Amino acid sequence: RLTADLSSLLSTKGSSVATFAVRNGGLLATLLPYESDELGKRISLIRTLSGSVDVSNGGLTSSMTVRTATTKDALGLKDLIEVLRDTGVMAWSSSKNADKQLYGRVLKSVKIESRLNSISFDLTIPQADLDRLVVKLK
């Protein structure tokens, strides 16, 4: 059910291919079955998730914001996600495999910022890399 508080989280950019806003009432546990490890504990702290996806001649841009109950929860989740991103960048960017280098570039382009109890993720994938990713999915 779309409530006023969720509706206010939806992007109003007219160019968005998709926009979304959800409350995490166990939804993330269903989509991403996680265990009671550190990552699972941090993901379970997410209260709302919202964002948009835009596609242009230059490529794809995506923005997503997650909100937690407290600033401390948001900072803990942000720190963990940054470690995971940076580990992936190190592992894949140095690979001789072109596909892994592509994944490293995509991860490296993820910008993560936090403000109070919110974490924002911005991703830009240039058209050439997007083309390669789409081919991999086919």
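Biologist: What makes Gly51 the partner of Phe20 in this predicted model?

Modeller: The two residues form a bridge, with Gly51 sitting in β2.

Biologist: And how do you know that β1 and β2 pair as strands?

Modeller: Pairing takes at least two bridges. β1 and β2 (residues 46-56) share seven, in the antiparallel sense, so by that cut-off they count as paired.

Biologist: Why are β1 and β4 called edge strands?

Modeller: Look at the order, β1-β2-β3-β5-β4, in an open sheet of five strands with antiparallel pairing. β1 (16-23) and β4 (111-115) each pair on one side only, and that's what earns them the name. From one strand to the next, the twist averages 10°.

Biologist: What makes you say that helix α4 packs on the sheet?

Modeller: Contact means heavy atoms within 4.5 Å. Helix α4 (residues 71-93) touches β2, β3 (59-68), β4 and β5 (118-126), so those strands meet the cut-off. The direction of α4 makes about 170° with that of β4.

Biologist: Now the largest pocket: how much space lies in it, and which residues are closest to its centre?

Modeller: About 600 Å³. Closest to the centre are Met64, Ile81, Leu107, Val110 and Phe121, out of 21 lining residues. Elements giving two or more residues to that lining include α3 (38-44), α4 and α5 (98-108).

Biologist: What makes a lining residue of that pocket nonpolar, polar or charged?

Modeller: Residue type decides: Met, Ile, Leu, Val and Phe, for instance, count as nonpolar. The lining divides into 17 nonpolar, two polar and two charged.

Definitions and conventions: Residues numbered from 1 in each chain as written. Predicted model: local features only at pLDDT ≥ 70, side-chain atom pairs only at ≥ 80, totals over all residues. Heavy atoms only, no water. Helix = DSSP H or I, 4+ residues; strand = E, 2+ residues; numbered from the N terminus. Axes fitted to C-alpha atoms, helices over the stretch in contact; angles between N-to-C directions. 1 Å grid on protein atoms, 1.4 Å probe; cavity = no way out; pocket = protein on both sides within 12 Å on 5 of 7 lines; lining within 4 Å. Points joined across faces, edges and corners; volume = space filled by probe spheres on them.
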